[in-house]
Structures are given as C-alpha cells and as structure tokens.
Amino acid sequence: MKVVAFKRELQGTGASRRLRISGQTPGIIYGGVEAPVTIALDHNALYHALKKEAFHSSILDLEIDGAVQKVLLRDFQMHAYKQLVLHADFQRVDANKPVHVKVALHFENAEVSPAVKLHGATISHVANEIEISCLPADLPEFVVVDLTNVDVGHSVHASDLKLPKGVTIVAHGSDATIATASVPAGHVAAEAAAAEEAKK
C-alpha cells in the first residue's frame with residue numbers, strides 16, 4: 001500500500017493546527033539509522049486508509065519527494081469526538097530485521113464446529129488481534145483462527161493457531177486464550193427441562 005507524504009518544516013502546536021485546518025495531518029517517521037523526519041499527509045486519504053484493516057498490519061510504501069521508504073504504521077491519534085486524525089507515527093523497517101506487529105484475527109468455521117452445530121453454543125472472541133514477530137516480507141495481513149473442531153467447554157489458545165511460514169507469536173510468558181465456546185444459560189435450562197419431560 002502506498003502513502004504519499006510531504007516534509008514538514010514548521011513544528012509546534014500552532015503549525016500543527018494550521019496544517020489540520022488546511023486538510024493535512026502532521027506525522028513523523030522514525031527508526032533505522034536516519035534521523036526522525038516530520039511529515040504532513042493528506043487528511044482524507046489517511047482517514048480512509050485507517051479504516052482498512054490491512055493498513056494497520058502491512059508494510060507501507062511511504063513516498064516523500066519522490067523517494068520511497070518501507071514503513072509500518074505504529075500509532076495514530078484521533079480527535080475525541082470529531083472524525084479527525086490528529087497525528088500519525090510511522091516506523092522505518094529493515095528487510096533483514098524482524099518486526100513486532102499486532103495483526104487482526106479472522107475467525108472461520110464457527111458454524112460447523114461441534115460446539116455450535118451440536119450444542120447451540122456461543123463462541124466468544126476473547127482476542128481480536130495478536131502480536132507476532134517476522135521479517136517484513138513474511139508479514140501476514142491477518143491470522144486465521146480455525147474453529148472447526150471446537151467443542152463446548154473448550155478454548156482456542158495462541159499455541160493452537162496455524163501461523164504462516166516465518167511467523168512466530170510474541171507470547172509475553174502466557175499462552176493467551178483466543179476464543180471460548182459456552183452454551184447460553186437459558187439453553188442449558190431448556191435442555192434440562194426437555195430431558196425431565198422425556199423421562200415422564
């Protein structure tokens with residue numbers, strides 16, 4: 001994905017405010033051996049790009065004055081109640097060095113799992129993203145959580161995920177729970193009542 005930016009000479013609160021009034025968003029690029037560079041981006045283009053999941057977990061081609069750098073979106077600030085991006089931070093990436101990134105989880109096959117199909121269970125998504133480490137070239141847009149074999153009372157953990165080649169999970173010392181399957185309380189009571197009726 002490509003992002004076009006412009007070098008920003010003036011800094012400070014007043015300069016940032018004037019930038020926003022003119023339809024631009026202040027930002028910064030940092031990392032690598034080069035010094036940080038303050039930039040300005042077209043607000044509307046950035047605002048719409050932020051709505052795309054891939055923009056948050058892809059290596060981006062950031063163009064400044066015709067030169068392209070490989071970067072990751074690291075942070076952005078939104079206005080408390082206006083549809084306004086206040087600032088964006090990008091980090092340069094080195095093709096030969098692993099990056100740590102949070103990527104979205106895509107849950108698949110819940111409807112065919114024993115938990116849902118046989119027991120009418122609800123599968124709760126405990127996490128919607130996971131932190132991974134990989135080389136920039138191996139960075140996936142998302143990680144799939146296959147729920148095909150999940151049964152009632154079972155959970156899916158980070159260690160159960162099938163990761164693309166070259167990708168590892170940054171665990172922080174625990175095998176995080178990704179999803180759980182449980183039967184709604186009312187459903188259990190109804191099943192028990194039906195069983196009692198069948199005995200009579």
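This is a guided tour of a predicted model, with selections to make one after another.

**Stop 1: strand 1 and its partners**

Select residues 2-7, which form strand 1. Add residues 60-64, strand 4; the two strands run parallel and are joined by 4 bridges. To see one pairing, pick alanine 5, whose bridge partner in strand 4 is isoleucine 64. Now add residues 37-42, strand 3. Strand 3 runs antiparallel to strand 1, with 3 bridges between them. Here phenylalanine 6 is a useful residue to pick, since its bridge partner in strand 3 is alanine 40.

**Stop 2: helix 2**

Select aspartate 42, which caps the N-terminal end of helix 2. One of its side-chain oxygens lies 3.4 Å from the backbone nitrogen of asparagine 44. Next select helix 2 itself, residues 43-50. Which of its residues are buried? They are His43, Leu46, Tyr47, Ala49 and Leu50. Turn the view to look down the axis of helix 2: the buried residues fall within an arc of 165°, so they line one face of the helix. Among the elements that cover these buried residues are strand 2 (24-30), strand 3, helix 3, strand 5 and strand 6 (85-92).

**Stop 3: serine 57**

Move to serine 57, in the loop between helix 3 (53-56) and strand 4. Is serine 57 buried or exposed? Its relative accessible area is 2%, and because buried means under 20%, serine 57 counts as buried. Show its surroundings, leaving aside neighbours within four places in sequence: serine 57 is in contact with Val101, Lys102, Val103, Leu139, Pro140 and Glu141. A polar atom of the serine 57 side chain lies 2.9 Å from the backbone oxygen of glutamate 141.

**Stop 4: aspartate 65 and asparagine 109**

Select aspartate 65, in the loop between strand 4 and strand 5 (67-78). Its phi is near 50°, a positive value in a residue other than glycine. Aspartate 65 is exposed, at 63% relative accessibility.

Then go to asparagine 109, in the loop between strand 7 and helix 4 (114-117). Asparagine 109 also has a positive phi, near 70°. With a relative accessible area of 28%, asparagine 109 is partly exposed.

**Stop 5: the nonpolar cores**

In soluble globular proteins, nonpolar side chains tend to be buried together. The largest nonpolar core in this model has 26 residues. Select Leu105, Ile130, Leu139, Val156, Leu161 and Ile178, the residues with the most contacts inside this core. Two or more core residues come from each of strand 7 (99-108), strand 9 (129-134), strand 10 (142-146) and strand 13 (177-182). Which strand gives the largest share of this core? Strand 7 does, with 4 residues. A second, separate core has 19 residues, including Ile29, Ile64, Ala88 and Phe90.

Return to isoleucine 178 and show its contacts, again without neighbours within four places in sequence. Among them are Leu105, Phe107, Ile130, Val145, Val156 and Leu161, and also Ser124, His125 and His157.

**Stop 6: alanine 176**

End at alanine 176, in the loop between strand 12 (168-169) and strand 13. Alanine 176 is partly exposed, at 35% relative accessibility. Beyond its neighbours within four places in sequence, alanine 176 is in contact with Val156, His157 and Ala158. Finally, select isoleucine 21 together with alanine 176: the two are 155 residues apart along the chain, and their C-alpha atoms are separated by 43 Å.

Definitions and conventions
Residues are numbered from 1 along each chain as its sequence is written. This is a predicted model: local features need pLDDT of at least 70, side-chain atom pairs count only at pLDDT 80 or more; totals for chains, interfaces and linings use all residues. Side-chain values use heavy atoms; hydrogens and water are left out. Two strands pair if DSSP finds at least two bridges between them. Buried means under 20% relative accessible area, exposed over 50%, partly exposed in between (1.4 Å probe, protein chains only). A polar contact is a pair of N or O atoms within 3.5 Å; within protein, one must be able to donate a hydrogen and the other to accept it, and residues adjacent in sequence count only if both atoms are side-chain atoms. Contact means heavy atoms within 4.5 Å. A nonpolar core is a set of buried Ala, Val, Leu, Ile, Met, Phe, Trp, Tyr and Cys residues joined through side-chain atoms within 4.5 Å. The arc is that of the directions from the helix axis to the C-beta atoms.
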